[in-house]
Amino acid sequence: MANNDPLYNEQEVTNAKPPLVNVKRVIARALRFWYLIVASVLAGLAISYVVNRYTTRIYPIKASIIIKENEDNLGAKFLYNNALVNPYRNHLNEVYIMKSYPLLQEVVESLHLEIAMYKEGDIKTTEYYNPDFPLQIRLDKKHKQSGRPFFIKIIDDKTFQIYYEGLDTDTKEGRQLQSLSFNDSVSVNGFRFFAAKNGDVNEFIGIPFLVSIRDPEVIAKQYSSKLKLTWAELQSSVLDLEIQGAVQKKEIDFLSKFIERYQLYDVQKKTRESKMAIAFLDRQLQVIGDSLQRYEDEVVNFKKENVTVNLQAETERLYQKMLSLEEQNFQYKLAENYNNYVITLLKQEKLNDVFTPQSVGIQDQVLSGLITELLSEQASVNLYQNNAQRGVDKTADNPALQSKMQKIAILKQDIAKAIANAKATQAINQQFIQNQINLIENQLRKIPNTERKLANIQRNFTLRESLYMFLLQKRAEAGLSEASTTSDIVVVNPPSAGGAITPKVSQNYLFGALLGFLIPVIIFIVVEILNDKVQSREDIEFMTTVPVVGGIGHNREVETLVVINKPRSSMAESFRALRSNLNYFTENKNNQVFMVTSSLPGEGKSFTSLNLASVFALAGKKTLLIGADLRKPKLYDDLGLKNDLGLSQYLSNLATLEQVIQTSEIENLDMIAGGATPPNPSELLLKPQMKELIEHLRQRYDFIVLDTPPMGLVTDAFVLADLANHILFVVRQGFTPMPVLQSLEEYHQRGKLQNISIVFNDLRKSGLGYGYGSYGYGYGYGFGYGYGYSDKRDSRSNNSYYTE
């Protein structure tokens, strides 16, 4: 339906809603409550200070080592032609070895890190680490250590005191041990240890220390998680070590001891094969040595019993040939012993004790290659098992480990087959050698008996002597290899501490200030989201096409008749502006009827009616104010009039028109009060007599202002709407709900309310996001009357007239 109002907004009606958050209003609220934001920021900075002050500082401890390539460390092999040094080193495995629990646990126990001491402060307790502390606690390894922390205090240079809390946390009852002596064993609270005095105690007398004793394995696992190992460069052998902790000295000592222990582990790993070879050679030397001693005694006895006999040339030739065959036969015997030794280890699953045949001078390329591959695969299996102990991997479910185990099983079968083949070949060779020996022995039987006997004795002695010297040479090579072995681990940068990484002081201050700023802003945003009241002209224009004809500010005074009593006030000016804007709707015609209504009590409907009628009267226009709110008439009080006779009596034919029209003290302003409250106000207003009354009064007055009940509660306003030339719908800032405007738009579009405009009332807030800044004069209105449609009072004002 078309509307001819000059101020009518021609925009199409949509279901558009105002934005969830009005940024301008949030900014305006933030500027208005800037002191809250400042206080919140200061509170955030104060909290950041407390956090920075009392948060435990964490320091990074860094070191660098280089793992030398094997080519740099094969001196023993080059000098002594010793094959005991493994030419292959997998650097990727070193990271896992260094983080293994056993290695780290050895470091923890060597530094006694399972014993931690703490000092209690006023606010927090901090760890105290001092390797030179005069009271050294050494745990009894035979006793299972389990208990609660306890306090220790040095009394004097001879005694100390221990006390602890009991298990009853309610009563805090505990035990106190008096006058314990230094250098004595102590059993307390589940722990057993030796308390040794180490240095001067005067500095620590009377200071309590909290002692906590933990499982070294648990601490080792924690260090395994904390220790960071990274390669300095791609494909480089320089490894960077880093660990973070609250006590710099403690972590530096740990990292230093860790590197020292890892170097020792590297040396032990490299000399392990040499030790096993030496043990094997010692057993062989013992057997050959016993045999050599026996034949040496035979030579001596023979020479004592017989005149010196010199061997003839033919005998010497046979003797040397026999000696060569015996040496070959010994090499096969040595290989046989080695093969039996390897088979035994394979059956016993002692794969870590296997060593290569070259270590004892046995040349078998096939067997050597298989055993070398077996040792490499077993090293990988050991690595996986170490990871399983550290909780890094699950051994049973690791497909790579299962593949390694299958390959080891195959290699064990191949080694067994290779040894079986080697034994078969050795048996053939040994049989051939034995046949040659038998042949030579037959030839030796032809020489004289004494010469033959001497040749046998010398042969056996010389053979054992050469074998013994051979084994001694191999034993010496293995010993030299072990003695000349050095660690491939070289310290590049010793452990050193860096600056604290936590707390991040600047970042915490920045975060505290930002959080202090955001909290009130978020509160402002939430308030804006939850606020469903009309806040600005922009909200009105979003919700309805009904035009806004004017705005009225907030009245801080008790006075309601502001245009009369304060004609120079900004409030009076706003009503004069409203009167001017209404001329656009009336085209400056007289005999116009204006109906003033609203949706709810307390929106300023009656206040607007009273002052609008007054401003018309001040303009010299004969004006009539009708109190059409028959349910709760109140306007007459503000004009100093009575309510004895009014509209209800006139419509009930209980009074004449002249009797109900009252003349006010304001020139040109008359009034018809509501009169006594009837039982049927809506039915009275529906009488034809009401329409006739309005038509008659049009002829007598230039303007008529109808003050009606709120249309959101009763239908009286709809009954009177057809009698008015123009309807003023009062919307109060921060009070009228947004859905009211949706209902108003529906009435307007359906034609129930035509020739209507909105008066935006009680403009307390102005500026960004609120619109109508020119109406925020600071006077506003104070509605009066304590309207009877609701018992609710507006909590925003102390004004008793602030209900409607």
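Here are three short exercises on a predicted model, each with a worked solution.

**Exercise 1.** Work out which strands sit at the edges of the eight-stranded open sheet.

*Solution.* Start by writing down the strand order, which is 14-21-20-15-19-16-18-17. Next, look for strands that pair on one side only: these are strand 14 (548-553) and strand 17 (661-663), so they are the edge strands, given that pairing takes at least two bridges. While you're there, check the twist: neighbouring strands of this sheet are turned by 25 degrees against each other on average, direction ignored.

**Exercise 2.** Find how strand 15 and strand 19 pair, and then see which helices lie across them.

*Solution.* Strands of a sheet can pair in a parallel or antiparallel way, through backbone hydrogen bonds. Strand 15 (residues 592-598) and strand 19 (residues 703-707) go for the parallel sense, over five bridges. To spot the pairing on screen, find Phe 594, which stands opposite Val 705 in strand 19. Now add the helices. Helix 21 (residues 688-700) lies across both strand 15 and strand 19, among others, and runs at about 140 degrees to strand 19. Helix 15 (residues 570-586) lies across strand 15 too, along with strands 14, 20 and 21, and its angle to strand 14 is about 170 degrees.

**Exercise 3.** Trace the contacts of Leu 697 in the largest nonpolar core.

*Solution.* First, the core itself: it has 47 residues, and Leu 697 is one of those with the most contacts inside it. Then list what Leu 697 touches, skipping residues up to four places away in sequence: Leu 624, Ile 626, Leu 657, Ile 661, Ile 672 and Ile 704. Finally, don't mix in Val 705, which belongs to another core, of 34 residues, lying apart from this one.

How values were computed:
Residues are numbered from 1 along each chain as its sequence is written. This is a predicted model: local features need pLDDT of at least 70, side-chain atom pairs count only at pLDDT 80 or more; totals for chains, interfaces and linings use all residues. Side-chain values use heavy atoms; hydrogens and water are left out. Helices (H or I, at least four residues) and strands (E, at least two) are DSSP runs, numbered from the N terminus. Axes are lines fitted to C-alpha atoms, for helices over the stretch in contact, and angles run from 0 to 180 degrees between N-to-C directions. Contact means heavy atoms within 4.5 Å. A nonpolar core is a set of buried Ala, Val, Leu, Ile, Met, Phe, Trp, Tyr and Cys residues joined through side-chain atoms within 4.5 Å. Buried means under 20% relative accessible area, exposed over 50%, partly exposed in between (1.4 Å probe, protein chains only).
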